[in-house]
Amino acid sequence: MFRPISTLALLVLLTACGDKDDILTGSASGGDGTTGVDTGGGDGTDGTDGTDGTDGADGADGTDGTDGTDGTDGTDGTDGTDGTDGTDGTDGTDGTDGTDGGEVDADGDGYTADVDCDDTDRGVHPGATERCNGIDDDCDGATDDADDDVDPASHYTFYADLDGDGYGDPDNTTGACRAPSGYTADFQDCDDSDGAINPDGAEVCNGQDDDCDGLLDDADPSVDSATFSTFYADRDGDGYGNLSVTLAACDVRSGYTTDFTDCDDSAATTHPGATEVCDGDDNDCDGAVDDDDSSVDTSTGTAFYVDLDGDGYGDPSTTVMACALPAEASTDNTDCDDSDVTVSPAGLEVCDGIDNDCDGLLDAADPSVDASTSATYYLDADGDGYGTAASTTTSCSVPSGYAILSTDCDD
């Protein structure tokens with residue numbers, strides 16, 4: 001049943017709609033109005049359901065369709081279906097504008113929801129700058145490094161980790177949103193060619209800063225003592241060390257050496273390879289001293305004289321060099337016959353035709369001759385070779401004018 005419309009209400013409607021022909025065709029237009037209402041509810045695509053508006057003649061309620069543009073009030077538009085007065089359909093035409101509700105820009109970035117991939121974030125929309133943040137800022141379907149348009153200014157710095165130890169080379173960098181393969185966020189590696197060298201490395205004796213703390217080997221308090229070497233005191237500075245005085249360290253220190261074969265660390269001339277000389281010391285540390293060492297430099301020794309007859313007197317013409325007096329040698333060189341033990345400066349001069357005491361005088365010519373070794377000779381005045389017993393002399397040899405025989409009866 002239709003209700004009459006007052007003149008005032010009609011004027012209101014005419015004023016709102018502005019075209020009487022729309023009133024006359026309000027039933028059809030009202031159908032579109034219903035669409036506007038539904039769309040204004042925030043889901044403009046549902047506006048096609050507005051065909052049900054043909055039943056609406058209740059224009060008074062239809063004005064709620066205008067509110068449909070607010071989106072949130074659009075649900076009231078469903079009341080338009082109750083209209084029995086098709087003239088209200090004029091207002092429903094405004095509901096067509098409600099279709100624009102599908103172009104909502106909730107975040108106010110100038111891009112509506114149908115093209116904005118995140119209408120809750122005004123920094124996200126087509127044309128936005130892609131940044132390293134895990135978000136598709138420019139709505140092109142690619143995020144961060146996957147987007148060729150990502151802003152390099154938003155890159156993080158990553159450091160090459162060529163040795164794969166998890167620590168990067170501060171001098172070899174790249175910019176990216178996420179660490180590329182072979183790179184890391186760390187930049188503390190001091191040698192990216194060795195996986196054992198990094199801040200977590202163990203400092204050992206190898207001439208390298210294994211733990212990247214700027215300290216090498218002995219200078220690093222954390223150095224592994226198990227990698228130490230043993231060094232030996234070299235007090236005399238000859239390069240040879242004392243086995244009994246040691247030092248454990250990475251590197252040799254002043255006053256120490258790697259050698260431990262010095263047999264006298266107080267004498268720089270005593271060490272392996274030194275020249276053995278006649279001084280009573282084992283100069284070359286081979287365990288043999290002076291003459292007992294076949295390598296001894298005999299020129300540093302003494303000239304001794306061969307004493308073959310063992311009488312304690314040596315032959316001045318035959319010498320031997322040695323550190324100490326050898327057997328069959330003597331320090332004396334006054335033996336005048338080294339083949340006869342009875343002939344020497346200590347010998348007894350006797351009548352035998354030999355210089356027994358090596359004084360250069362023989363037999364009777366030597367005042368020290370032993371007279372007991374002389375013979376008795378007889379005066380031979382007539383020179384016939386026979387002497388007289390009445391006149392005798394003693395001598396080592398027959399004196400002139402004397403004879404060995406004493407049988408001359410008339411001299």
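Me: Let's start with salt bridges. How many turn up in a search of the whole structure?
Reply: The general idea first: side chains of opposite charge can pair when their charged atoms come close. In this predicted model, a search of the whole structure finds one salt bridge. D144 pairs with R178, and their closest N and O atoms are 3.7 Å apart.

Me: Where do D144 and R178 sit along the chain?
Reply: D144 is in the loop between α6 (89-98) and β1, while R178 is in the loop between β2 and β3. That puts them 34 residues apart, so the pair links distant parts of the chain.

Me: Is D144 buried or exposed?
Reply: D144 is buried, at a relative accessible area of 5%. Its partner R178 is partly exposed, at 48%.

Me: OK, on to sheets. How do I read the one that contains β1, β2 and β3?
Reply: Strands of a sheet pair through backbone hydrogen bonds, either parallel or antiparallel. Here three strands make an open sheet, ordered β2-β1-β3, and the pairing is antiparallel. β2 (173-176) and β3 (183-184) are at the edges with a single partner strand each, so one side of each has no neighbour in the sheet.

Me: How many bridges join β1 to β3?
Reply: Two bridges join strand β1 (residues 156-160) to β3. For a residue to look at, take Y159: its bridge partner in β3 is T184.

Me: What does β10 pair with?
Reply: β10 (residues 375-379) is joined to β11 (residues 388-395) by five bridges, and the two run antiparallel. A375 stands opposite S395 in β11. β10 also pairs with β12 (residues 402-403), again in the antiparallel sense, over two bridges. There, L379 stands opposite Y402 in β12.

Me: Now the cysteines. How many disulfides does the structure hold?
Reply: A disulfide is a covalent bond between the sulfur atoms of two cysteines. This structure holds eight disulfides. One of them joins C132 to C177, with an S to S distance of 1.9 Å. The torsion about that S-S bond is about -70°, so the link of C132 and C177 is left-handed. C132 lies in the loop between α6 and β1 and C177 in the loop between β2 and β3, so the disulfide ties together parts 45 residues apart in sequence.

Me: Are C132 and C177 buried or exposed?
Reply: C132 counts as buried at 9% relative accessibility, and C177 counts as buried at 3%.

Me: What about the disulfide of C117?
Reply: C117 is joined to C139, S to S 2.0 Å. With -80° about the S-S bond, this link is left-handed. C117 and C139 are each in the loop between α6 and β1, 22 residues apart. C117 counts as partly exposed, at 44% relative accessibility.

Me: And which cysteine does C351 pair with?
Reply: C351 pairs with C396, S to S 1.7 Å. The torsion is about -45°, so this disulfide is left-handed. C351 is in the loop between β9 (329-330) and β10, and C396 is in the loop between β11 and β12, 45 residues apart. C351 and C396 are buried.

Me: Last one: which residues form the nonpolar patch on the surface?
Reply: Y386, V398, I404 and L405 form that patch, with about 370 Å² of accessible area together. Y386 is in the loop between β10 and β11. Y386 is partly exposed, at a relative accessible area of 39%.

Notes:
Residues numbered from 1 in each chain as written. Predicted model: local features only at pLDDT ≥ 70, side-chain atom pairs only at ≥ 80, totals over all residues. Heavy atoms only, no water. Pairing = 2+ DSSP bridges. Helix = DSSP H or I, 4+ residues; strand = E, 2+ residues; numbered from the N terminus. Patch = residues over 30% accessible without salt bridge, like charges linked within 9 Å, V, L, I, M, F, W, Y side chains within 5 Å. Areas by Shrake-Rupley, 256 points an atom, 1.4 Å probe, with all protein chains shown as cover. Salt bridge = Lys/Arg side-chain N within 4 Å of Asp/Glu carboxyl O. Buried < 20%, exposed > 50% of the residue type's maximum accessible area, 1.4 Å probe, protein only. Disulfide = S-S within 2.5 Å.
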